[in-house]
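Me: I've got a model open and I keep running into labels I'd like to see justified. Can we go through them one at a time?

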Amino acid sequence: MRSLWIFLVIISATACAASEPDWSDVQKDLTALFRELLQTDTQNPPGNEIAACQALKAFFDREGISNRIYEVNDQRANLIARLHGNGSLRAILLAAHTDVVPVDENSWSAPPFSGDLKDGFIYGRGALDDKSMLAVNAMTLALLKRMKAPLRRDIIFLATADEEAGGRLGAGWMLERHRDKLDAAFALNEGGRIILRNGKPLYVAIQTEEKAAYNIKLTAYGSTSHASVPRLDNAISALAKALDRITRYPAVPVLDPVTTAFFKGLESVEPLVELKNCSIYTTEPLYLSMMTNTISPTLIQGGIKSNVHPPSAEVNLNCRLLPGQDVKAFVDSLSSWIAPGPYEFKYTARSSTPEASPQDGIGFILIEQVCSEMFPDTPILPYLSPGMSDGTRFRHEGIPTYGLLPFPLDENEVWRMHGKDERISVEALMMGMRLVYRLVELGGK
Ligand SMILES: [Zn+2]
C-alpha cells in the first residue's frame, strides 16, 4: 500500500510540474506577516489571541481567502481559513497556535515583542513556537491561491488559542464545537524537528506521537508553631527530603515501535547514541526523555511568615509520561519511592494517550518525500516528542497528525524555545516556507 502511494505521488508530481513562485516576493510578504504576529503580545496567560486572529483575518481578507474568527470570549479566539479544492479528496489541515509562553523581558537582548531583525535573525517570543509555523501556514494558502494551484483537497488553516496552557479553549474548544470543519485526511502541526549539526542536516524527526503532560502537586505537611524553636516535622524540610529523593527516581527505559525505529535510524548519524545488544546507550537528555517517564520540579510554594513554621509546602512536578502509561500507577510508584511521610499527591487524571499516527499514512509519506528532496541522505525518522501539543487532541479525534516544525535548526537554537532570545533566521524561515508549500502543493493536487 505504501509503495503504491509513493508511486502515485511521484507520478502526479512529475506529470504536473507547476511553475515556481517568486520566492523573494514571498519572503517580503511572509516576514511582514510573521513580524506582525510577533509584535502581537499573546502571552498566555492571559492569551489575548483575538489580536493575532484579527491580524490573520486581515491577511486572509486581503488575499481573498474565506476565513472566520471563532470567539470564545472577547479576548480568546480561534480562526479557520479554507482554500477550496474540487472536493474529490479529503482535506489537509495546517495547524499552529497563536499563544506564547510568558517572557522575562530583562533577560532578552532584543525586545521580545519587537520582531526585530538582527544579523539575519528575527527575534521574538513565538519566533520558533509557534508563530513562524503560523505565518508559513497562512502564506502557504495565499501562495496556492496566487499560483492558482490545482487542488483536489481543501486546505484548512487553523490558528488555535491556549495551546501553552493545555488547549482547552483552543483546539479542544474547536474540536468540541466545529469538528466537521476540521475533518482532514491528515494534519500538519508543530512537534517534530529538522536538526542541523555543524551546519548540515543531521536528521528529520516526524512526530507521530507525544508524551502526556501532567502537573502533579506534591504537598508536605508539618506542625505550625514559633520558628524560634526548631521542629523536626518542618514542612519545608520534609518537602526538601522528598525532592532530593525524587531527583534519584529510577526511571525505567521503555521503547515502543516509534522510538525503536527512531533510535535505529539515528544511530548511523548520531555519535551520542549507541545501540548494543538491543539496548540504547546515551546520556543526551532529549533522547533519555524519549525513553522514560520524566519529572521536573517547576514551581515551589511554602511558608506564611519568616518566623512561623509553615503548615505546608508544595511543589509542582511537571511530569511527562510515555504513551500508554497510567498516571495513577506512576504516582503510586513515586509515592512509595519517597517513602512514607507527611505527603500528599494531587493530580487530574485524563483519558489515555491516543494511538500513534501511522507511518504508512499519506501525511507521513508526503513529508518523507519532500524532506528527502530537500535534505538528501538525511535519515527521516518517526518521532515521539517529549512535549505535548494540540496534536494529541487531533489524534484523539481520529485525525492522523504529523508534527514537524519545518525549519532546519541548529540544536542550540532549538533550546531558545520557551527560553530567552527566541529567534529564527530568515534563511530557516524560508526553508520552512518552501517545505510546507511543496508539501501541500504536492499533496493537494
Ligand atoms: Zn508550541
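**Labels and the numbers behind them**

Reply: Sure, starting with Q301: leaving aside residues up to four places away in sequence, Q301 touches A313 and E314. Keep in mind that this is a predicted model.

Me: What makes Q301 "touch" A313 and E314?

Reply: The cut-off is a distance of 7 Å between C-beta atoms placed from the backbone. Both A313 and E314 count as contacts of Q301 on that basis. Q301 itself sits in strand β13.

Me: Why is Q301 called partly exposed?

Reply: Buried needs 20 or more C-beta neighbours within 10 Å, and exposed means 12 or fewer. Q301 has 13 inside 10 Å, so it counts as partly exposed. As for a spot elsewhere in the chain, M417 is 116 residues away from Q301 in sequence, and their C-alpha atoms are 26 Å apart.

Me: How do you know that β10 and β14 are paired?

Reply: At least two bridges are needed for a pair. Strands β10 (residues 212-221) and β14 (residues 312-321) are joined by 10 bridges, so they meet that definition. They run antiparallel, and L218 stands opposite V315 of β14.

Me: And what makes β15 a partner of β10?

Reply: Same test: the cut-off is two bridges, and β15 (residues 343-346) has four with β10, again antiparallel. One of the spots to click on is A220, whose bridge partner in β15 is Y343.

Me: Why are β13 and β15 called edge strands?

Reply: The sheet is an open one of four strands, ordered β13-β14-β10-β15, with antiparallel pairing. β13 (294-302) and β15 each pair on one side only, which is what the edge label refers to. From one strand to the next, the twist averages 25 degrees.

Me: How do you know that the chain's overall size fits a compact globule?

Reply: For 445 residues, the globule rule gives a radius of gyration near 22 Å; the chain comes out at 23 Å, so the two agree. The C-alpha trace spans about 80 × 55 × 45 Å along its principal axes. Of the 445 residues, 44% count as buried. Within the chain there are 13 helices and 19 strands.

Me: What share of the contacts is long-range, in terms of sequence?

Reply: Take the contacts between residues at least 6 apart in sequence: 78% of them join residues at least 24 apart.

Me: Where does the chain divide into domains, and what do they share?

Reply: Domain 1 covers 2-209 + 355-369 + 380-444, and domain 2 covers 210-346. Their C-alpha centres lie 32 Å apart. In the contact, domain 1 takes part with 18 residues and domain 2 with 16. On the domain 1 side, β9 (200-210), β16 (380-385) and α11 (391-396) each supply at least two residues. That side divides into nine nonpolar residues, eight polar ones and one charged.

Me: Why is D162 called buried, while D421 is called partly exposed?

Reply: The buried cut-off is 20 or more C-beta neighbours within 10 Å. D162 has 24, so it is buried. D421 has 17, which falls between the two cut-offs and therefore makes it partly exposed.

Me: What makes the backbone at D162 and D421 worth a look?

Reply: Most residues other than glycine have a negative phi. D162 has a positive one, near 65 degrees, and lies in the loop between β6 (155-160) and α5 (171-178). D421 has a positive phi too, near 55 degrees, and is in the loop between α12 (411-414) and β19 (423-425).

Me: Which peptide bonds are called cis, and what are their omega values?

Reply: One joins P45 and P46, with omega about 0 degrees. P46 is in the loop between α2 (23-39) and α3 (50-63). Another joins D129 and D130, where omega is about 15 degrees; D130 lies in the loop between β5 (121-123) and α4 (131-146). For context, most peptide bonds are trans.

Note on methods: Residues numbered from 1 in each chain as written. Predicted model: local features only at pLDDT ≥ 70, side-chain atom pairs only at ≥ 80, totals over all residues. Axes fitted to C-alpha atoms, helices over the stretch in contact; angles between N-to-C directions. Domains from an automatic or database assignment. Contact = placed C-beta atoms within 7 Å. Nonpolar A, V, L, I, M, F, W, Y, C, P; charged D, E, K, R; others polar. Rg over C-alpha atoms; globule rule 2.2 N^0.38 Å.
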